[in-house]
Structures are given as structure tokens and as C-alpha cells.
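Grab your favourite viewer and work through a few exercises with me. Each one sets a task and then walks through a solution.

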Amino acid sequence: MSAAPDRQAVQVDGHRLALTHLRKTLFPASEHTKAELLHYYARIAELMLPHTTDRAASFVRAPDGVEGERWYAKNPPPGAPEWVTITSVPGTEGPAPYVVVDSTATLVAMANLGAYEVHVPQWTTSTGPDVHDRIVFDLDPGPGTDVTDCCRVALPLRDALAADGLTACAVTSGSKGLHLYVPLEPTPGDAAVAYAKRMAGRMRAQLPDLAVATMARAARHGKVFIDWSQNTSAKTTAAPYTLRVRDRPGVATPIDWDEVASCEQSAVLRFGPDEVLERIDGPGPDPLAPLTDKSARAPLPDD
């Protein structure tokens with residue numbers, strides 16, 4: 001039996017892609033090859049694209065996998081196909097080009113170039129950086145805590161948001177923590193940031209032994225950092241369903257609130273690409289449906 005090809009030409013969305021180095025092992029601990037990661041993105045694209053389309057994407061590039069060099073890249077990777085959608089984003093040094101991951105072909109093409117992590121902001125290219133359509137809280141476990149502690153923070157945070165008329169959706173970070181997304185009516189970015197900061201402070205006051213809202217690392221030991229700062233226009237968050245370049249490939253995985261409430265072991269909320277593909281083949285509603293349902297968008301509460 002002959003070995004699988006290391007290079008293959010495919011048609012995706014009517015575009016020809018030359019996929020290369022397919023047999024390369026990118027994650028030795030799990031033995032995931034590049035071909036397997038490309039397969040994951042091709043399968044997950046239908047669910048992932050609603051969360052990346054119309055947003056300026058940045059990437060973590062790691063062409064040689066977890067044991068090679070990796071870096072955060074904002075501009076389109078060299079070799080990006082000419083048909084990839086490019087948007088212009090204002091910056092301190094003038095407009096800069098960014099890729100918009102709005103098709104399966106683009107998602108696979110970026111991964112083929114070693115751009116395995118996709119990060120996006122909380123605003124769309126349609127409105128620009130000054131208007132946001134969602135808030136995200138990044139629950140980051142400090143030393144001595146793990147994702148189970150993030151779940152203990154996530155539940156009262158969800159309830160506080162609900163009391164303000166807002167809906168929260170939970171996504172594992174694909175690394176150590178948990179992300180909570182909140183769909184909004186189009187809202188001035190400064191107002192979204194201010195609300196997220198106030199809510200983080202409220203949670204710190206409500207959970208003084210468990211949560212912290214300051215960025216000072218010395219304050220995080222034994223506590224969960226509620227990072228509200230990813231709502232600033234210049235920052236991005238790992239997109240739902242993106243791969244994460246860790247010792248083993250993690251995935252930012254949408255989970256339902258029953259899973260959050262029942263989490264008692266950190267391993268329970270760690271998902272790789274194979275597990276995520278199994279999850280999407282199973283029954284049940286999409287935990288992120290509110291993020292793509294315009295009727296679920298709500299205004300921020302009055303101060």
C-alpha cells in the first residue's frame with residue numbers, strides 16, 4: 001500500500017489549491033499531521049465562518065508545528081491567493097491590509113500556509129473598529145487554578161449579564177481558560193469596553209476569593225482573571241472553532257451551559273479537532289446560535 005501523497009491539488013469553492021507537506025507531523029505528542037488539520041478546517045468551516053466572516057483576521061503562524069517557530073501575524077501571509085478577501089483597517093501608521101476568512105477556501109488556504117490559529121476582533125468590517133457587535137470576557141486561570149474555576153466564575157457572570165438583559169455563550173479557549181461571548185446591538189466601542197470593565201469589577205467584588213479584574217500578574221495567584229480588555233478595538237480573540245497551537249492541538253470549542261455547570265475536572269473541557277468533529281456530528285442545538293441570530297442582540301443597559 002503506497003503512502004499518502006505529500007502534495008495534492010484540490011478544488012475548494014471553485015478555487016484550485018495546491019496543498020503541500022501533507023505528511024508533516026505538526027504535533028508529535030498527538031501525531032497530528034498537516035493533512036489532518038486541513039481536513040478539520042474543511043469540515044468545521046460551515047460552523048466557524050459565521051464567526052470570522054466580515055472580521056479582520058490575524059493569525060498565529062507555525063508552519064513547522066508546535067516544535068518550530070511560531071509568531072502572531074496581522075498582515076496577509078506571503079503566498080496568500082489573490083482571490084482571498086482583503087480589508088483595510090485603520091492604524092497609527094495608516095491603513096493596513098488584513099485577510100477576511102469568509103470562505104472554506106480561504107480558511108483552508110491560510111492553514112495550508114501555516115496560519116493555524118485565527119483571531120478576530122469584536123467589530124466587523126461593515127461598521128469599522130468604532131462600533132462593536134459583541135463583548136467577550138476571557139476567563140484566564142491563574143497559578144493554582146484551572147478551567148473548573150473558570151466555570152465557577154462563568155455561571156454567576158452569565159447570571160449578572162442576564163439580569164442586564166444580555167445573553168452569554170460559552171467557548172473553551174482551546175488553551176487553559178474559557179471565553180464568554182455576548183451579542184450586542186451595534187454599540188460604540190468605548191461603551192462596550194466600559195461596560196465590560198465595570199462587569200469584571202462587579203464580579204471581582206462578588207467573588208473576592210475567586211476572581212480578579214486587574215492585569216497585574218502578582219494578583220492572579222489562586223484566582224481567575226476576568227480579562228475585559230479584549231474588547232478594545234485593537235485587540236482580538238481566538239475565534240470559535242479555531243485550532244490552538246499547544247503541545248496537542250486544542251480547539252476553541254463552543255459548549256452549552258449544562259457542560260459548564262457540571263464541569264468538575266479540567267480534562268472534561270479540553271477538546272482536540274477529532275473530538276470537536278465528533279461533537280458536531282451529534283444531536284443538539286448550536287451553543288453559539290445567539291451570536292448569529294440578530295434577534296438575540298441586545299442593547300447595553302443604561303448606566
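The exercises below deal with salt bridges, a pair of helices, and two groups of strands in this predicted model.

**Exercise 1. Find what aspartate 281 binds through its side chain, and work out which parts of the chain the pair ties together.**

Step 1. Look for a side-chain nitrogen of Lys or Arg within 4 Å of a carboxyl oxygen of the aspartate. Arginine 43 fits, with N to O at 3.2 Å, and the two side chains form a salt bridge.

Step 2. Place both residues. Aspartate 281 sits in the loop between helix 6 (273–280) and helix 7 (289–292), while arginine 43 belongs to helix 1 (residues 34–48), so the salt bridge ties together parts that are 238 residues apart in sequence.

Step 3. Check the accessibility of each partner. Aspartate 281 has 58% relative accessibility and counts as exposed. Arginine 43, at 34%, is partly exposed.

**Exercise 2. Decide whether the partners in the salt bridge of aspartate 133 and arginine 55 are buried or exposed, and locate them.**

Step 1. Start with the distance: the closest N and O atoms of aspartate 133 and arginine 55 are 2.9 Å apart.

Step 2. Now the locations. Aspartate 133 is in strand 10 (residues 131–141) and arginine 55 in the loop between helix 1 and strand 5 (56–61), so this pair ties together parts that are 78 residues apart in sequence.

Step 3. Buried means under 20% relative accessible area. Both aspartate 133 and arginine 55 are buried.

Step 4. Set another pair beside this one. Arginine 158 and aspartate 159 form a salt bridge with their closest N and O atoms 3.2 Å apart. Arginine 158 is partly exposed at 26%, and aspartate 159 is partly exposed at 43%.

Step 5. Finish the tally. Glu117, Arg244 and Arg246 are joined in a network of salt bridges, and the count for the model comes to 10 salt bridges.

**Exercise 3. Describe how helix 1 and helix 6 pack, and find which residues of helix 6 are buried.**

Step 1. Two packed helices are described by the angle between their axes and the distance between the axes. For helix 1 and helix 6, the axes come within 10 Å and cross at roughly 35°. The crossing of helix 1 and helix 6 is left-handed.

Step 2. List the contacts. From helix 1 come Leu37, His39, Tyr40, Arg43, Ile44 and Leu47, and they meet Pro273, Val276, Leu277 and Ile280 of helix 6.

Step 3. Pick out the buried residues of helix 6: they are Pro273, Val276 and Leu277. Viewed down the axis of helix 6, these fall within an arc of 100°, so they line one face of the helix.

Step 4. Ask what covers them. The cover includes helix 1, along with strand 4 (32–33), strand 16 (243–244) and strand 17 (250–251).

**Exercise 4. Work out how many residues of strand 5 are buried, and which strands pair with strand 5.**

Step 1. Count the buried residues: 6 of the 6 in strand 5 are buried, and the strand is mostly covered.

Step 2. Sort them by direction. Ala56, Ser58 and Val60 point one way, and Ala57, Phe59 and Arg61 point the other way.

Step 3. Strands of a sheet pair through backbone hydrogen bonds, either parallel or antiparallel. Go through the partners of strand 5 in turn:

- Strand 8 (residues 96–100) runs antiparallel to strand 5, joined by 2 bridges; alanine 57 stands opposite valine 99 there.
- Strand 9 (residues 115–120) is antiparallel to strand 5 as well, through 4 bridges; valine 60 has glutamate 117 as its bridge partner.
- Strand 6 (residues 71–73) is joined to strand 5 by 3 bridges, again antiparallel; arginine 61 stands opposite tryptophan 71.

Step 4. Link back to Exercise 2: glutamate 117 in strand 9 is also part of the salt-bridge network with Arg244 and Arg246.

**Exercise 5. Trace the order of the sheet that contains strand 10, and find which helix lies across strand 10.**

Step 1. Write down the order: 6 strands run 13-14-10-12-11-18 in an open sheet with mixed pairing.

Step 2. Identify the edges. Strand 13 (211–212) and strand 18 (254–255) each pair on one side only.

Step 3. Inspect the pairing at strand 18. Strand 11 (residues 169–172) and strand 18 are antiparallel over 2 bridges, with alanine 170 having isoleucine 255 as its bridge partner.

Step 4. Add the helix. Helix 4 (residues 189–206) lies across strand 10, strand 12 (178–188), strand 13 and strand 14 (224–227), and runs at about 30° to strand 10.

Conventions: Residues numbered from 1 in each chain as written. Predicted model: local features only at pLDDT ≥ 70, side-chain atom pairs only at ≥ 80, totals over all residues. Heavy atoms only, no water. Buried < 20%, exposed > 50% of the residue type's maximum accessible area, 1.4 Å probe, protein only. Pairing = 2+ DSSP bridges. Contact = heavy atoms within 4.5 Å. Axes fitted to C-alpha atoms, helices over the stretch in contact; angles between N-to-C directions. Arc of directions from axis to C-beta. Left-handed = near helix turned anticlockwise from the far one by under 90°.
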